[in-house]
Amino acid sequence: VAGGRGQLAWELQCVHGLRAVSLDPRAAKVPRKSRRKLLRKRLAALTPDSSPRDQLMARNPRRVEALLDPAFEASEEGRALLESCSAIVALHADEATEAAVDAALKYGKPFAVVPCCVFADLFPNRPAAVRTTAEFCDYLAAKAGATLEYLRFEGKNKVVVRDVRDAAPRRDVAITEPRDPSHVVSGVKTDLMFERMRREHENL
């Protein structure tokens, strides 16, 4: 979710052989020359006897240009993707972080999200105390019955994880949207938003 340039999807599919779909409203950028060269080499090496994993690792991950919101969920493509995926992952997904957790709860999927910025004023329905990244992680963990772990890199590395493969779907859960969805679609970064982000980082 909020796959950005597709780095995480690339690592999952082309390095580890796990099928990945990147969901992001922005158009995909052209892969780096080294990656295009690697995929051409892998494609050329495929034979009729190549394993499904080798065939998967020879192709770019699929990308869906959309927001994770109720409109996407209501679409045929969105519902099919949410119902068929094996897990939901979000790395520094900004405004889509809580939506990723909601989708995992609603469809009974394992998930791992690494929160970054909180954007507290875009989500007024959260508890007022959720202002920092640490508080946001605790809030998401409590909401989903998840655990908190740490990834092995510096910076925002706390990951909220729910590794429950047979969880019952919770159809009553609504996918959280920001108060101003146009903020996400346009990608406009105003002085106010930068100031808010600065304050959140200072409060860590």
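## Cysteines, salt bridges and a charged patch

C117 is buried because its relative accessible area is 4%. Buried means under 20% relative accessible area, exposed means over 50%, and partly exposed lies in between (1.4 Å probe, protein chains only). C14 also counts as buried, at 0% relative accessibility. C117 is in no disulfide; the nearest cysteine sulfur belongs to C116 and is 4.0 Å away. A disulfide here is a pair of cysteine sulfur atoms within 2.5 Å. The structure holds zero disulfides.

This is a predicted model, in which local features need pLDDT of at least 70, side-chain atom pairs count only at pLDDT 80 or more, and totals for chains, interfaces and linings use all residues. Residues are numbered from 1 along each chain as its sequence is written, and side-chain values use heavy atoms, with hydrogens and water left out.

### Salt bridges

Side chains of opposite charge can pair when their charged atoms come close. A salt bridge is a side-chain nitrogen of Lys or Arg within 4 Å of a carboxyl oxygen of Asp or Glu. The whole structure has seven salt bridges. The table gives three of them.

| Pair | Closest N to O |
|---|---|
| R26 and D24 | 2.9 Å |
| R62 and E77 | 3.1 Å |
| K143 and D102 | 2.7 Å |

R26 is exposed, with 52% relative accessible area. Its partner D24 is buried, at 1%.

R62 lies in strand 2 (residues 62-64) and E77 in helix 5 (residues 76-84), so their salt bridge ties together parts that are 15 residues apart in sequence. Helices (H or I, at least four residues) and strands (E, at least two) are DSSP runs, numbered from the N terminus. R62 is partly exposed, at 42% relative accessible area. E77 is partly exposed too, at 41%.

K143 sits in helix 7 (residues 133-144) and D102 in helix 6 (residues 97-107), so this pair ties together parts that are 41 residues apart in sequence. K143 is partly exposed, at 27%, whereas D102 is buried, at 0%. Salt bridges that share partners join E98, D102, R126 and K143 into one network.

### A positive patch

Which residues form a positive surface patch? They are K33, R36, K37, R40 and K41. Patch residues have over 30% relative accessible area and no salt bridge, and like charges are joined within 9 Å. R36 is found in helix 2 (residues 33-45). At 33% relative accessibility, R36 counts as partly exposed.

Terms used:
Patches are made of residues with over 30% relative accessible area and no salt bridge: like charges are joined within 9 Å, nonpolar side chains (Val, Leu, Ile, Met, Phe, Trp, Tyr) within 5 Å. Accessible areas come from the Shrake-Rupley method with a 1.4 Å probe; for residues, only the protein chains shown count as cover. Lys and Arg count as positive and Asp and Glu as negative; His and the chain ends are not counted. The place of a charge is taken as NZ of Lys, CZ of Arg, CG of Asp or CD of Glu.
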